[in-house]
Amino acid sequence: MAFASASAGAPHLDGASLSALWVLPFACMLLSIAVGPIAAPHFWHNNFGKISLFWALCFLVPFTMAYGFSLALYEALHALLLEYFPFIILLLALFTVAGGVRLKGNLVGTPLVNTVILLIGTALASWMGTTGAAMLLIRPLLRANAHRKYKVHSVVFFIFLVANIGGSLTPLGDPPLFLGFLKGVSFFWTTTHMLPLMLFAAAILLAVYFFLDTILFAKEGKPVPPTDCCEEKEEASATPGRCRFENGRQIYDCGPAPKLAIEGKVNLLLLLGVIAAVLMSGMWHPHVSFNVFHVHVELQNVVRDVLLLIITGLSLKLTDDESRRLNDFNWFPILEVGKLFIGIFLSMIPAIAILKAGENGALASVINMVTSNGEPVNTMYFWLTGLLSSFLDNAPTYLVFFNTAGGDAVHLMGDMASTLLAISAGAVFMGANTYIGNAPNFMVRSIAEDQGVAMPSFFGYMAWSFGILIPLFVLITFVFIS
């Protein structure tokens, strides 16, 4: 997720030498994700990993022919070792650990209950990461609304709030802010400066959600879960006296509704371990590194990834398999994200290189829009950082504009605090604009679909986000971004 300095003598990709045509494989990768599930759903479901690999090769093969094997290998290893593998290992740990936490009891998806779940998730996201909070609460939300007809809006607002906007208060919340922390931005600078924007955005979105869910809940006839089933039908049917037949229909007699309880509590401790491992990698600097074909891999990052894999293994060992099954846990969502994002990270290489070239690159016109007469244009910093973060990885996009603004954290936190605020808010908030804007977006969508929710297509989701979020961001621009 971060860009590290290469070792001396490493091959160097000059983004200024690349034309915009090199971005075509990445654009086609995004188009495949958008159109494939609609145009050919069966083919897409069975072959999305191969399609992802195809578009990655559509970049790598011509690039190798044009610039040589050494540079192609270096760029591929750089993307894989410093970006993709840390990204997917962190997601795997959070997905596995949070998937071992099971909320038991009679949680009924009324508008008030749903809004409270979104509120709790939004509050947690800044302290356990958007991915951690999303993976912890998406299943309880889906289970609480299993009896509801209208569910899509709940998942969409969950992505808006828990998977994105809620993670804006600390470097733990979202990768761009963690990169800012590594560059010298104070841990609580983000909290104090982003808090008014986050509270403003969250309050409006929660109010809109509650109003919409109330209307839909009434339209459904204010449904309640059926009384002839219980959360653990398999347990009921296996227990004498808890299962009977009436008029040829099997009835599960669960008795009084169970109180809310958490199963798999050990995973909450393991979640703290994940957070500690991530923080360690940012605060411990042993100045020990390894070179893999000139790619500079630092010891603290290797230790972090090993610790995350150990935590993943501990979660699997310490959590009862039956509990995971009853929690509707399976590996497809993380496999889907892993296969698609390897294609995204590789095909995205030229787009990031061109952006890093700044005024000398093919996107110089974009970079030039953030400055006028030598002064930063904060509105453009907010919108350009945000819109590019909607389609590119928001972490390197944040870095590009952080460096465009001077790259001096002390200066940015002081005289240019409003500029740093615009960059930070754009990178975190607008990750909610598309499914690929932030990693948990895609995982939440995949889990929801796996549990039978007919989620909108890539463009269908953007209709939701652009219809609701863009007006909100315009309002934020006028109120907070100067």
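How much space lies in the largest cavity? Let's work up to that, keeping in mind that this is a predicted model, where local features need pLDDT of at least 70, side-chain atom pairs count only at pLDDT 80 or more, and totals for chains, interfaces and linings use all residues. Residues are numbered from 1 along each chain as its sequence is written, and side-chain values use heavy atoms, with hydrogens and water left out.

**Exercise 1.** Work out where the model deserves your trust.

*Solution.*
- Step 1: Start with pLDDT, the predictor's confidence in each residue, from 0 to 100. The protein chain averages 83, and 90% of the residues score at least 70.
- Step 2: Look for weak stretches. pLDDT stays under 50 over residues 1-7, and it also stays under 50 over residues 228-253.
- Step 3: Take care there, because predicted coordinates should not be read in detail where pLDDT is low.

**Exercise 2.** Describe the largest cavity.

*Solution.*
- Step 1: Know the rule: on a 1 Å grid over the protein atoms alone, a cavity is a set of points where a 1.4 Å probe fits but cannot get out, and lining residues have an atom within 4 Å of a point.
- Step 2: Get the volume, the space filled by probe spheres set on the points, which are joined across faces, edges and corners. The largest cavity holds about 30 Å³.
- Step 3: List the lining: L177, G180, F181, V185, W189, T190, Y398 and S424.
- Step 4: Sort those residues, and you get five nonpolar, three polar and no charged. Here Ala, Val, Leu, Ile, Met, Phe, Trp, Tyr, Cys and Pro count as nonpolar, Asp, Glu, Lys and Arg as charged, and the others, Gly among them, as polar.

Conventions. Contact means heavy atoms within 4.5 Å. On a 1 Å grid over the protein atoms alone, a cavity is a set of points where a 1.4 Å probe fits but cannot get out, and a pocket is an open set with protein on both sides within 12 Å along at least five of seven lines; lining residues have an atom within 4 Å of a point.
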